[in-house]
Amino acid sequence: MKNQKSIKLENVKLIAIPLLCMVVLVFPLILREINGEPLAEDISYYHTRIAQQISDKLWLPKEDNYLYGGRMMPLIPGLATFLAVPNLIFNIPINTFSKILPILIGVFSFLIFFMLLQEFKVDKRLTDISLFLLVISPPFIYTFTTLNDHIIPVFLILLSSLLYLRNKKFFSLMTFLLIPLFSIPDAFIGLFFFFIYLLSTKKKLKPFFFMLLLVSIISLVQYLPMILSYGLPELLDFKVSEKGVNFAFQNFISDFGGKFGVSLFSILLGISGLFVVWKKKYKNLLIYTLFIVLIVLSFYLTWLIVYLNFLLIVLASVGLIYLMKKKWESRLIKNFIILIFVFGLIFSGISHINRISKMPPSKLVFDSLNNLRLEPEGVVLSHYSNGFWISGIANKPVVMDRHFIYMPNVNQRNRDLQDIFYSINVEDITKLLDKYNINYIWIDKEMKEGQVWSREDDGLLFLLNYNPKILGIRYRKFEKIYSNEETEIWRVKENF
Amino acid sequence: MFKLKKEFVLLILIFLLTLSLRLFFVFQTDFFSEDLAYFHLRNTENILETGKPIYFDGLSYSGRPVLYPPFSNYFLAFFSLFLPINLVAKLIPEILISSLVIIVYLISKELTKDVRASLLTALMAGFIPLFASKILNTISIYSFVLPIFFFMIYCMIKIREERSYLPYLVIFSVLLPLTHSTAFLIVFSLIIYFLLVISESWNLRATNKEAIFFVILTTFLIQFLIYKEAFLLYGFNTIWSNTPVQLFLEYFKDINIMTILYEVGILPVVFGFIAIFFGLFRKKRNDLFLLGGVILSTLLLLTLKLISIADGLLFLGLTLVILSSLTIKNFFNYLKLTKFSHLQKHFSVILVILVIVSLAIPFVISANKTVKNIPTEKDIEALLWFKLNIEEEAVVLAPLEEGHLISQITKKSNVLDDLFLLAPDPGERLEDVDQIYTTKSEFKALDLLQKYDVDYIFLSEKTKEKYNITELSYAVDKKCFRIRKYEEPKIYQVREC
């Protein structure tokens with residue numbers, strides 16, 4: 001009787017938890033669709049635009065012409081190619097597939113993670129709790145509800161690890177070698193994990209070096225045309241600022257607004273989990289090393305939190321089980337503390353779903369860019385963080401976007417943009433506008449609220465609003481062609 | 001027939017005496033002695049109307065988000081369902097702060113097991129001069145914070161023997177951070193207490209450890225959830241609530257013994273420090289270490305200027321009062337061993353007289369001064385006239401000390417008030433407002449008035465005294481200024497010119 005009950009419970013769990021995963025991942029999409037909001041995040045529009053180009057031209061583009069002056073592309077733009085294939089074969093619109101793909105990959109990644117835990121012979125209770133915590137963890141939710149650079153690499157690293165553990169080394173290798181086509185940094189992180197695994201299981205390091213060689217070759221080949229043309233990429237001499245981020249730790253914690261950030265509650269539980277496993281410290285020394293390295297690197301490369309999250313939720317589960325199993329003098333305090341953590345974790349997840357559903361671009365921004373799309377061809381000036389939206393939605397080339405690697409003269413471009421934004425010298429601005437053949441200026445609310453300007457009469461805003469005439473000097477006339485509550489579009493006209 | 005023990009009768013009498021004296025002063029006026037009181041009134045009214053506290057205040061700084069723990073306002077709103085809001089605002093805070101005498105009695109009784117010492121301490125607690133200058137007639141948040149905080153201390157002492165106090169501790173651990181940000185003081189107090197216990201190689205009972213962990217965790221998480229937006233903007237400067245630099249030195253003054261003696265009273269300070277010396281350094285006791293934790297954490301935060309002098313002295317003063325019970329008990333125990341043991345009752349009377357002279361009289365003087373520090377009838381009349389005769393969207397300029405008053409009475413936007421957290425450029429505004437009132441240059445004044453879209457300038461008697469002016473000298477230009485109200489206090493309309 002008991003066995004029958006436990007089998008039934010297992011079956012229920014087997015269905016319920018993946019179902020919960022799907023519901024959690026679908027929810028932000030549903031909320032955005034209800035509110036008429038377009039695809040979240042700017043990088044999505046870059047990938048969908050390239051995918052559309054691949055689908056239209058039936059060929060991999062060598063150059064991205066949506067950046068003024070052009071920009072060389074990697075040999076195989078992995079994600080964009082992956083998005084284009086269903087459109088080419090089954091006629092599935094790229095836009096639709098780009099919304100569904102993260103969710104599908106998320107569910108598969110979730111299932112593979114479950115299988116990985118089984119391979120590591122993790123205790124059933126720990127597995128169940130880890131899966132539940134994974135599903136409601138903000139990094140998992142963000143990664144697999146938006147079209148970003150890491151969805152496929154994460155999935156491939158998990159799959160490759162599973163195949164390796166199941167002794168299917170050839171398929172594991174083949175799977176892993178696909179990663180550099182999607183993201184080279186992710187590939188090297190995957191190699192780092194492999195290295196730690198081999199060290200901790202005291203296996204030979206030959207496979208690691210072999211894979212390192214292959215990944216390096218593929219990475220080199222991806223960027224070979226660029227390396228041959230331009231040499232090594234230009235190092236940035238400016239700091240890349242993210243919208244709304246004031247402090248380094250802000251990105252690390254989702255409750256502070258970090259997109260990839262982990263929940264504060266999982267950090268606290270993770271710390272308690274760490275204390276529990278610390279008892280076997282020398283056995284797990286390399287795991288701790290990996291954990292610490294990931295934490296430190298995450299402050300500089302925020303996306304590493306996606307990988308850190310898998311480790312953290314297992315530790316958090318250990319911590320939670322420890323709290324549940326521990327002998328408390330006061331049952332009241334025990335129940336309250338566990339409730340606080342559980343509700344806190346769920347709240348962090350729900351809060352993150354809500355945040356993703358409200359992520360830019362908003363409907364107003366989308367409408368504005370659709371309006372710009374209808375205008376004649378021309379280069380658009382805006383902050384680099386808007387670059388992908390402008391090129392992806394308005395189908396217009398921009399002066400700068402967030403893809404800095406191999407952007408021609410990236411530092412000079414940034415300096416020129418700063419000069420245009422902050423100068424009120426009409427002659428200087430005119431020269432720079434001519435330099436990049438700028439025909440439009442696209443301004444959003446964020447630019448006026450501190451991202452670029454703090455006051456209504458700062459720099460270029462002053463010129464746009466007051467349009468000074470200086471006799472005898474050739475000047476640009478700015479004409480506002482569109483505005484809504486969040487954006488303005490100005491046409492740059494030549495006038496003597 | 002229900003017979004009350006004599007000690008409870010005396011305790012109730014002390015409570016009633018404290019409450020009556022406070023209410024006597026409070027009901028001498030319809031108005032409040034602190035500007036922030038008007039914010040509490042407005043927030044409570046908002047809860048009554050919408051069920052929610054003010055998250056975005058359109059009337060403060062002409063529009064800004066507000067971050068203020070809402071429990072106290074919900075508490076007042078609950079009673080306002082049955083009684084008029086102004087009566088509730090006058091009555092409830094005074095009842096709560098007067099209940100401190102009971103809490104102080106309970107803690108002292110636990111420490112000393114001596115009824116006389118505990119009652120005398122309770123009497124002292126009712127008349128701390130600082131409680132008249134800072135908490136009387138102000139809808140002060142400390143009317144809520146202090147009873148909750150010290151009741152939690154009482155629960156922490158009691159749970160060593162009686163687990164029945166644990167539910168109360170749990171409930172108040174959630175309520176305290178929802179009341180005010182000084183809840184973090186309990187976290188520091190418990191941490192220092194824990195460290196003191198470890199340093200003596202004592203073993204804390206598991207219940208106490210769990211309770212400490214729970215209080216720290218709940219306080220930390222609730223405060224984090226409430227203030228995370230502020231942390232995003234200001235980082236650790238959130239601790240100073242975005243206080244303008246000009247006021248920083250005034251709010252976060254250096255602590256000195258004269259300030260403590262003046263604000264807390266000579267008796268509690270002397271008795272309290274004697275108790276600290278004997279209790280912490282000679283006869284070390286676990287329950288004393290808990291109070292020692294409160295004292296040390298308060299002193300530490302005051303020294304590091306992480307807590308304002310006014311806030312710190314409230315906690316320090318009350319803790320010293322509680323510790324005084326030990327000194328009083330030890331005194332009477334010593335007396336029993338001497339030839340004067342038959343004079344115990346006389347010494348009790350002498351102590352009561354000392355309390356009256358050193359505490360009650362300064363309390364009354366301070367209370368009298370506090371209730372006189374209210375807006376004048378003429379100010380209120382002018383502001384009511386303003387509310388009825390001026391357009392809704394108007395922006396009114398008043399100094400910092402009248403910001404909330406303007407918003408509450410006139411229901412118009414102010415330029416500046418003392419809720420600095422998440423306020424736009426309070427330091428710059430403070431400087432500009434001072435300039436507007438003191439400058440002789442019409443051009444400078446107009447430039448600053450236009451910066452904040454000011455439509456009207458309110459010039460009360462207090463403002464004139466503050467800036468040592470009789471009128472706005474530049475406002476004679478009829479093209480740019482029009483006097484809307486000639487009788488004092490004057491109201492100037494700023495015209496487009």
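Select B:Glu49 to start. At 66% relative accessibility, this residue counts as exposed, because the cut-off for that word is over 50%. B:Glu49 sits in helix α2 of chain B, residues 36–50. Now add B:Ala77. The two lie 28 residues apart along the chain, and their C-alpha atoms are separated by 9.7 Å. Keep in mind throughout that this is a predicted model.

**A buried alanine**

Go to helix α17 of chain B, residues 344–372, and pick B:Ala367 there. Is B:Ala367 buried or exposed? It is buried, because its relative accessible area is 0% and the limit for buried is under 20%. Show what surrounds it. Leaving aside neighbours within four places in sequence, B:Ala367 is in contact with B:Phe25, B:Ala132 and B:Leu136. For a longer view, select B:Lys113 as well. B:Ala367 and B:Lys113 are 254 residues apart in sequence, and 33 Å separates them in space, C-alpha to C-alpha.

**The cores**

In soluble globular proteins, nonpolar side chains tend to be buried together. Here, the largest nonpolar core has 211 residues. Select B:Phe131, B:Leu146 and B:Phe150, the residues with the most contacts inside that core. Then colour helix α16 of chain B, residues 309–336. That helix gives the most to the core, with 14 residues.

Stay with B:Phe131 and display its contacts beyond four places in sequence. Among them are B:Arg22, B:Ile97, B:Leu100 and B:Ala125. B:Leu136, B:Leu146 and B:Phe363 also touch B:Phe131, as do B:Leu314 and B:Leu318.

Next, find the second core. It is separate and has 58 residues, including B:Leu416, B:Leu448, B:Ile457 and B:Leu459.

**Strands in chain B**

B:Ile457 and B:Leu459 lead to the next stop, strand β5 of chain B, residues 456–459. Both faces of this strand are covered. B:Tyr456 and B:Phe458 are buried on one side, and B:Ile457 and B:Leu459 are buried on the other.

Now look at the partners of β5(B). Strand β3 of chain B, residues 395–397, runs parallel to β5(B), and two bridges join them. Click B:Leu397: it stands opposite B:Ile457. Strand β7 of chain B, residues 490–494, pairs with β5(B) in the antiparallel sense over four bridges. Which residue of β7(B) is the bridge partner of B:Tyr456? Select B:Gln493 to see it.

Take β7(B) on its own. Five of its five residues are buried, so the strand is largely enclosed by the rest of the structure. B:Lys490, B:Tyr492 and B:Val494 point one way, while B:Ile491 and B:Gln493 point the other way.

**Strands in chain A**

Move to chain A and select strand β4, residues 438–444. Six of its seven residues are buried, leaving the strand mostly covered. Add strand β3 of chain A, residues 379–381. It runs parallel to β4(A), and three bridges join the two. One pair to pick out is A:Val380 with its bridge partner A:Tyr440 in β4(A).

**The cavities**

How many cavities of 30 Å³ or more does a search of the whole structure find? There are four. Go to the largest, with a volume of about 140 Å³. Select A:Leu29, A:Arg32, A:Leu39, A:Ala40 and A:Thr145, which lie nearest its centre among 18 lining residues. Two helices of chain A, α1 (2–34) and α4 (94–119), each supply at least two residues of that lining. The largest share, five residues, comes from α1(A). Colour the lining by class: 10 residues are nonpolar, four polar and four charged.

**Backbone details in loops**

Three stops remain.

- Select A:Pro360 and A:Pro361. The peptide bond from A:Pro360 to A:Pro361 is cis, with omega near 5°. A:Pro361 is in the loop between α16 (331–357) and α17 (363–373) of chain A.
- Select A:Asn395, in the loop between α18 (387–393) and α19 (410–422) of chain A. Its phi is near 55°, a positive value in a residue other than glycine. With a relative accessible area of 25%, A:Asn395 is partly exposed.
- Select B:Ser241, in the loop between α11 (206–234) and α12 (245–251) of chain B. Phi of B:Ser241 is near 55°, a positive value in a residue other than glycine. At 29% relative accessibility, B:Ser241 counts as partly exposed.

Conventions: Residues numbered from 1 in each chain as written. Chains lettered and ligands numbered in written order. Predicted model: local features only at pLDDT ≥ 70, side-chain atom pairs only at ≥ 80, totals over all residues. Heavy atoms only, no water. Core = buried A, V, L, I, M, F, W, Y, C linked by side-chain atoms within 4.5 Å. Buried < 20%, exposed > 50% of the residue type's maximum accessible area, 1.4 Å probe, protein only. Contact = heavy atoms within 4.5 Å. Pairing = 2+ DSSP bridges. 1 Å grid on protein atoms, 1.4 Å probe; cavity = no way out; pocket = protein on both sides within 12 Å on 5 of 7 lines; lining within 4 Å. Points joined across faces, edges and corners; volume = space filled by probe spheres on them. Nonpolar A, V, L, I, M, F, W, Y, C, P; charged D, E, K, R; others polar.
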